[in-house]
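The following exercises concern a protein structure, shown below. Each task is followed by a solution that proceeds step by step.

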Number of protein chains: 2
Amino acid sequence: MLAATPEPPYYACIFTSQQQEAPHHVQAYKEMAALMITLASQQEGFLGYESTRNLEGFGITVSYWNSLTAMQSWKAHTEHQIAQRLGREQWYQYYKTRICKVESDYEDPPLRASK
Amino acid sequence: MLAATPEPPYYACIFTSQQQEAPHHVQAYKEMAALMITLASQQEGFLGYESTRNLEGFGITVSYWNSLTAMQSWKAHTEHQIAQRLGREQWYQYYKTRICKVESDYEDPPLRASK
């Protein structure tokens with residue numbers, strides 16, 4: 001479930017969100033989330049993602065990209081725009097997105113043979 | 001539960017971890033996690049954190065800092081060093097830490113009056 005990202009530098013999008021207490025269209029949300037992962041994975045420059053959400057509906061999803069341009073293309077993707085609008089209107093109580101440059105990383109146990 | 005971070009740029013430490021399936025010393029882990037938050041909050045340059053973990057034990061914690069120096073000081077903090085060693089030895093099946101510079105952010109609804 002760890003994203004097998006390359007040696008830094010690369011880019012990360014940290015998306016933190018609180019689901020609505022009684023989210024409308026739970027099944028639609030799950031299907032849209034799965035679709036977004038499938039579509040993001042097909043994007044040029046996508047490196048992987050990590051995602052988790054607790055029982056209270058507080059979630060963090062981090063997607064990794066090889067450039068800011070790749071990340072911006074994904075933000076502008078048509079189906080992703082529809083998902084973003086539904087997120088704002090129906091699914092999330094609040095959310096925040098942070099665009100970051102990953103400058104270094106370390107792990108245990110080591111995942112990259114080069115380390 | 002969103003960290004009220006200032007206008008970028010600032011720094012983020014993304015810590016992704018998988019807990020052991022049968023974590024030893026569950027109570028000790030909880031107390032240590034609470035202690036780490038208390039101590040980190042007292043550090044110069046600490047801006048806040050966001051943390052969540054699902055039922056399978058996969059978690060993401062992001063802490064925010066006003067400089068790389070502040071983040072490095074916290075990494076070297078004595079009690080934090082002990083927690084890191086226990087994490088490697090007893091609590092986590094695997095983990096990865098990524099050090100990032102946050103270059104931009106946006107949110108809904110807006111949290112900062114300045115936006």
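Two residues are in contact when heavy atoms of theirs lie within 4.5 Å. The structure is a predicted model.

**Exercise 1. Determine which face of helix 3 of chain A is buried, and what that face packs against.**

Step 1. Helix 3 of chain A covers residues 78-91, which makes 14 residues. From its first C-alpha to its last, the helix reaches 19 Å, close to the 20 Å expected at 1.5 Å a residue.

Step 2. A residue is called buried when its relative accessible area is under 20%, and exposed when that area is over 50%. The buried residues of helix 3 of chain A are A:His80, A:Ala83, A:Gln84, A:Leu86, A:Gly87 and A:Trp91.

Step 3. Viewed down the axis of helix 3 of chain A, the buried residues fall within an arc of 165°, so they line one face of the helix. The general rule is that an α-helix has 3.6 residues a turn, so residues three or four places apart point the same way.

Step 4. A:Thr78 and A:Glu89, on the other side of helix 3 of chain A, are exposed.

Step 5. The buried residues of helix 3 of chain A pack against strand 1 (10-19), helix 1 (26-41), helix 2 (68-76) and strand 4 (92-108) of chain A.

**Exercise 2. Describe how strand 1 of chain A is paired, and state how many of its residues are buried.**

Step 1. Strand 1 of chain A pairs with strand 4 of chain A in the antiparallel sense, over ten bridges. In this pairing A:Cys13 has A:Ile99, in strand 4 of chain A, as its bridge partner.

Step 2. Strand 1 of chain A is also joined to strand 3 (residues 58-65) of chain A, by eight bridges, and these two strands run antiparallel. Here the bridge partner of A:Ile14 is A:Val62 in strand 3 of chain A.

Step 3. Nine of the ten residues of strand 1 of chain A are buried, and the strand is thus mostly covered.

**Exercise 3. Examine salt bridges between the chains and one within a helix.**

Step 1. Over all chains, the structure holds eight salt bridges. One of them joins A:Glu50 to B:Arg98, with the closest N and O atoms 3.1 Å apart. This pair crosses between chains, from strand 2 (residues 46-53) of chain A to strand 4 (residues 92-108) of chain B. Both A:Glu50 and B:Arg98 are buried.

Step 2. A:Asp105 and B:Lys96 also form a salt bridge, at 3.6 Å from N to O. This pair too crosses between chains, from strand 4 of chain A to strand 4 of chain B. A:Asp105 has a relative accessible area of 9% and is therefore buried. B:Lys96, at 1%, also counts as buried.

Step 3. Within chain B, B:Glu89 forms a salt bridge with B:Arg85, the closest N and O atoms being 3.4 Å apart. Both residues lie in helix 3 (residues 78-91) of chain B, four residues apart, about one turn of the helix. B:Arg85 counts as partly exposed because its relative accessibility is 40%.

**Exercise 4. Identify which element supplies the largest share of the largest nonpolar core.**

Step 1. The largest nonpolar core has 19 residues, and among those touching the most other members are B:Met32, B:Trp74 and B:Tyr92.

Step 2. Strand 1, helix 1, helix 2, helix 3 and strand 4 of chain B each supply at least two residues of this core. The largest share, five residues, comes from helix 1 of chain B.

Methods. Residues are numbered from 1 along each chain as its sequence is written. Chains are lettered from A and ligands numbered from 1 in the order in which they are written. This is a predicted model: local features need pLDDT of at least 70, side-chain atom pairs count only at pLDDT 80 or more; totals for chains, interfaces and linings use all residues. Side-chain values use heavy atoms; hydrogens and water are left out. The expected span of a helix is 1.5 Å times one less than its number of residues. Buried means under 20% relative accessible area, exposed over 50%, partly exposed in between (1.4 Å probe, protein chains only). The arc is that of the directions from the helix axis to the C-beta atoms. A salt bridge is a side-chain nitrogen of Lys or Arg within 4 Å of a carboxyl oxygen of Asp or Glu. A nonpolar core is a set of buried Ala, Val, Leu, Ile, Met, Phe, Trp, Tyr and Cys residues joined through side-chain atoms within 4.5 Å. Two strands pair if DSSP finds at least two bridges between them.
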